[in-house]
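I opened the notebook to record what I looked up in this structure, beginning with the overall layout and then turning to the interior.

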Amino acid sequence: MRKIIFLIALMLIFISTTNGATIRVLLADNLESVELISPSGMKLLEGGTYMPLVQQNANLTIKPVLGSISYYFSDVTVNNVSSPVTFAPLTEGVKAGSFPLITVNITPVKKYNVYRGEMEIHINASGKLMLVNKIDLEEYLYSVLAAEMGSGQPLEALKSQAVAARSYAAARLGRYVRQKFDVYDTVMSQVYNGYLYEKDTTIRAVKETGGEILHDNKGGIVDAMFFSTCGGFTETSANGAHYLISVNDCGQTRPKTETEWHTFYTTKHEGNCHLPNTGFVANFRWVKSFTFAEIDNTFKQKDKTGKVKEITVVKREPGGRISSLKVVGELGEVVITGELNVRNAFGGLKSAGFSLKKDDKGFTFYGGGYGHGLGMCQVGAIGQAKKGRAYKDILSFYYQGSVLASLK
Ligand SMILES: [Zn+2]
């Protein structure tokens, strides 16, 4: 068996082919072992120099050993290196039409996921492995778009998502030096599933907006948050950012009283994010009923209130989301503050935009929208694209006062 190994015979310095910004994406942490395979072979970055390491399709197993990183193929321990270490696919001699890729196997977390870019491995504070994918920001977006919006959406909507996701990522580049990565690959940041989820449409949307981000009115990068469905109005952020203010996505008069909000949430009117005959329509308006027994089982702070008797809105934000809600029970009352806390208090409501009615059986929540409500309404962007609006107009609508700029 010609096992692998043109080990470290030559020391060659390869020039990186990446020109643009690079992002570090956390793929997994606290690992006992990582297996890497590349169809093009791999090289190791140590001390600023790349050294060829393994041939095509050879498996490399990496484990933590007493605070350093051990890597080996076949059953022979080859080397121990200090943390961090970077493994990269060999870019030389790759067949035309294919990419240098690395397959990652972390059974059962990410079994045989395939990634562009390089793999940076650190020893974490617990002495285990942390795996970070260092990838060109543009290539990262190819996959993010598919996960965050879906590859089958209109091109102008995908382009809006490309610019929003690029700005969101760019706003985080280098911000968290101590944690050694820029973003998570989950909804904690933006969902990123690697190369296998890229589609022609998402690649096209990224390329047609290449390097474009949003700037605020002081020239800073817009923290371009986005969410699924606003249900009528996006929300105003408590952080005071001028580009995260409530916009009217439905053309209806903005309700002022609780009675008007109840009418609003129980009416299916027009709206950019109201797309009948699509799977999104169930998020534009929704109804969730709880019997008294169910609400007692669901309510997170029942130990403080006892059996729930009344639920009342204390404060509603400009876009309708409830930021303060009072729950009165047999034993006492609690006030829940914050949009996410309000949603989570009742088992994870789709949004904090709702009105409530009590009858002799229990409580019914009449809601609108899905998600936190800040920034771009993704289904609204899809609706606007279907009406023929261009991505620049969609972005300037959802991020008020922002301007397109180029990522340096
Ligand atoms: Zn909307």
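Into which domains is the chain divided? I found domain 1 (22-179) and domain 2 (258-368), with bounds that come from an automatic or database domain assignment. I noted that this is a predicted model, in which local features need pLDDT of at least 70, side-chain atom pairs count only at pLDDT 80 or more, and totals for chains, interfaces and linings use all residues. Residues are numbered from 1 along each chain as its sequence is written.

I read off 42 Å between the C-alpha centres of domain 1 and domain 2, and the C-alpha trace of the chain spans about 80 × 50 × 40 Å along its principal axes. I listed 10 helices and 23 strands, taken as DSSP runs numbered from the N terminus (helices H or I, at least four residues; strands E, at least two).

I then checked burial, where 44% of the 408 residues count as buried, that is, with 20 or more other C-beta atoms within 10 Å of their own, the C-beta atoms being placed from the backbone.

Next I looked up the largest nonpolar core (buried Ala, Val, Leu, Ile, Met, Phe, Trp, Tyr and Cys residues joined through C-beta atoms within 7 Å), which has 83 residues, with Val-25, Phe-87 and Tyr-140 among those with the most contacts inside it. Helix α2 (residues 155-170) supplies the largest share of this core, nine residues. Apart from it I found another core, of 20 residues, including Ile-311 and Phe-365.

How values were computed. A residue is buried if 20 or more other C-beta atoms lie within 10 Å of its own, exposed if 12 or fewer, and partly exposed in between; C-beta atoms are placed from the backbone.
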